[in-house]
Amino acid sequence: MTTTRDRETPAPGGRPPPARPGLRERSDRTRRRSGRNGVMTGVLTAAMVIAVIPLVLIVVEVARRGLAVIDFGFFTQPEPPWRREGGGYVAGFVGTAYIMAMAIAMAIPMGIATAVYLVEYGRGRLATAIRFFTDVMTGIPSIFVGLFVYGLFVVGWGQLQFGTFVASIAIAIMMLPIVTRSAEEMLKLVPDELRNGSFALGAGKLQTVSRIVLPAAAPGLTTGSMLAIARGAGETAPLLLTALGSQLLVLDFQGSAQSALPLQLYRGANQPFAPGIERAWGAALCLFGLVLLLTVLARWIGSRSPQMMSR
Amino acid sequence: MSTATDPRPPDQRLTSSGRARFADPLFRWFVTLSGTVVLVILVLMVLRTTQDAWPIFQSEGFFGFLFGPEWSAGFSRNEITGTYGAWPFVYGTLVTAGIAIVIALPLALAVAFYISKIAQKRLRNGLSYSVEMLAAIPSVIFGLWGLLWFLPNVLRPVFVALESWFGWFFLFEGPVFGVSYLAAGIVLAIMILPIMTAIIREVIAAHPLDHQQAAYALGATRFEVMSRVILPASFSGVVGGTMLGLGRALGETIAVLMLIGGSQRAGTSLLFAGDSMAAHIAATFQDASPEAIRGLMAIGVALFIVTMIVNVLARLLVWRLGRVTGDAAV
């Protein structure tokens, strides 16, 4: 700084020397550029803040309104008519647990088996097609899956009517690509040395996969499956067309309309009576808590496993 | 060297016995079969829904169906008596998804760049965590929060202000209903932000570090490195991520259903209530006649075709970068 200052002060008794930019002096252009850099850094920071605000708002509001409603009865009683206070969402809790149990039993083994195929055998066109369409399937509108299951099973070839089983098929279809994708990534991370070592000991493919590869990838597979469960538990649109909804507890395997937490929450939020809306907030807190728990737990298991990608 | 004394290899031990001989081929068939299930499901989806929707397409024509301005479902059991023009819903879907992309794309770019290039290491994990957490929230909670808190407390005052300042402009014409294309689009933008951010972040991470360092060495500022070095090179990935977000926005049902208002007017103002394809299916399904169900199936097929095209294009664009894209927010 001192050098530039010195040059600017006129020499005694003479004209100032022609201005020559010093090394540390910045031209207007540079100053503009660095100014813009500062401004844009500010803009990006502001955008980051804006992007985080909705999450905070949702968490605060759901927690505030939800906590006011939830008590023991919320988990054990069926829902009364919307205009009446009290009662709970037992139908939704049981329905979601029932549907999810069946969907998990379908989607996770099948998803992991598909991933095993893709990683252990998958070469050629079939594997490429499966990989590509699994990716594409993550983007299929959930309402369309509902329409499909309705058309195929509820009224079409199956004639099964609405019910728990049909709903779980729809949810399983939503979960399948998520399980497959994450399981494939996890199986790919199992080093080939393990497989070769197992083959060298005389193990077959089945033994290698079931005793070596799957156990080695277990934490990662758990992570992916839990994220898929979290996603499946919150699905509403396919359930509208397959489970249909009920305010009372339903334990039928198939054939009578089943309830589910998101479904009951949707119905409660879409009607004008305050008690019903309050219960919907309670259900939102429970659903959010469940999804949050699954997601955080999944990430925690994933981060503890050495296999997990260093994302 | 004891083996040298025994010239015969212990071949009995190497041949597998009974069950084990079939285990591997069977296993192979089993996993191949479950792999093909995905393809079977997709084919069945297309066949089944198209078959159900066929009479509608026959009576209206595919483009007549898409662009027909009037939807009045009939009540017949086995013939087509109503008029099925899905334009109000197609229009609503396009408008809400468009609003969502216009809001989410700059935000996702900014957030992705902030997290990968500006934020300190300590902050980085927490920030990306909180953005990904948005992807985990079920859409019905977005709908509930949007309808009962965000709309009355934040959006409605903004809409009223918009209407009073820009009411002369056709996009912001009144009256303000609250539930509207704009409300649905804004909440959609929040919902698709995570997947777009996740993909743009991966694209940024894939950009070679030496190019960036070269630019710094030439005296570029951080913003110039981001906007003139990384961004042009990641263009196809950004477009792919945007299209994946678009695919989500087109197919989103419940949150849109709760915020769009369910009107078939297809007005030009963003503050008017409207209806989207997915929302209309969900809203009218319960009381639909067998004939109307066919109409809804037809909407579903059209929606499927559009999202499929968008998704396939997006995947093709991002596939070149390696396949991991977007896993943080599937």
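**View 1. A salt bridge links B:Glu224 and A:Arg33.** In this predicted model, B:Glu224 pairs up with A:Arg33, and their closest N and O atoms sit 2.6 Å apart. Count the salt bridges between chain A and chain B and you get 2. Now look at what chain A brings to its side of the meeting: helix H2, running over residues 28-67, gives the most, with 19 residues. Sort the residues on that side of chain A by class and you find 58 nonpolar, 17 polar and 13 charged.

**View 2. Chain A and chain B meet across an interface.** Here 88 residues of chain A touch 89 residues of chain B. How much area is buried between chain A and chain B? It comes to about 8,300 Å², and carbon and sulfur atoms give 75% of that. The size of an interface is often quoted this way, as the accessible area lost when the parts come together. Polar contacts show up here too: 14 residue pairs across the interface of chain A and chain B, with both partners at pLDDT 80 or more.

**View 3. A:Asp28 and A:Arg31 form a salt bridge within chain A.** The closest N and O atoms of this pair are 3.5 Å apart. Why are A:Asp28 and A:Arg31 separated by about one helical turn? Because they are 3 residues apart in helix H2 of chain A. Over all chains, the count of salt bridges comes to 15.

**View 4. The largest cavity holds about 570 Å³ of space.** Which residues lie closest to the centre of the largest cavity? They are A:Arg231, A:Glu235, B:Ser139, B:Arg248 and B:Glu252, out of 35 that line it. By class, this lining has 22 nonpolar, 9 polar and 4 charged residues. The structure holds 4 cavities of 30 Å³ or more. To picture how such spaces are found, imagine rolling a probe the size of a water molecule over the atoms, which shows where empty space is left.

**View 5. Helices of chain A and chain B help line the largest cavity.** From chain A come helix H7 (164-188) and helix H9 (205-234), each supplying at least two residues of the lining. Chain B adds helix H6 (121-136), helix H7 (139-166), helix H8 (181-206) and helix H11 (235-251), again with at least two residues each. Which helix gives the most to the lining of the largest cavity? That's H8 of chain B, with 5 residues.

Definitions and conventions:
Residues numbered from 1 in each chain as written. Chains lettered and ligands numbered in written order. Predicted model: local features only at pLDDT ≥ 70, side-chain atom pairs only at ≥ 80, totals over all residues. Heavy atoms only, no water. Contact = heavy atoms within 4.5 Å. Buried area = accessible area lost by both parts, 1.4 Å probe. Salt bridge = Lys/Arg side-chain N within 4 Å of Asp/Glu carboxyl O. Polar contact = N/O pair within 3.5 Å; in protein donor to acceptor, adjacent residues only side chain to side chain. Helix = DSSP H or I, 4+ residues; strand = E, 2+ residues; numbered from the N terminus. Nonpolar A, V, L, I, M, F, W, Y, C, P; charged D, E, K, R; others polar. 1 Å grid on protein atoms, 1.4 Å probe; cavity = no way out; pocket = protein on both sides within 12 Å on 5 of 7 lines; lining within 4 Å. Points joined across faces, edges and corners; volume = space filled by probe spheres on them.
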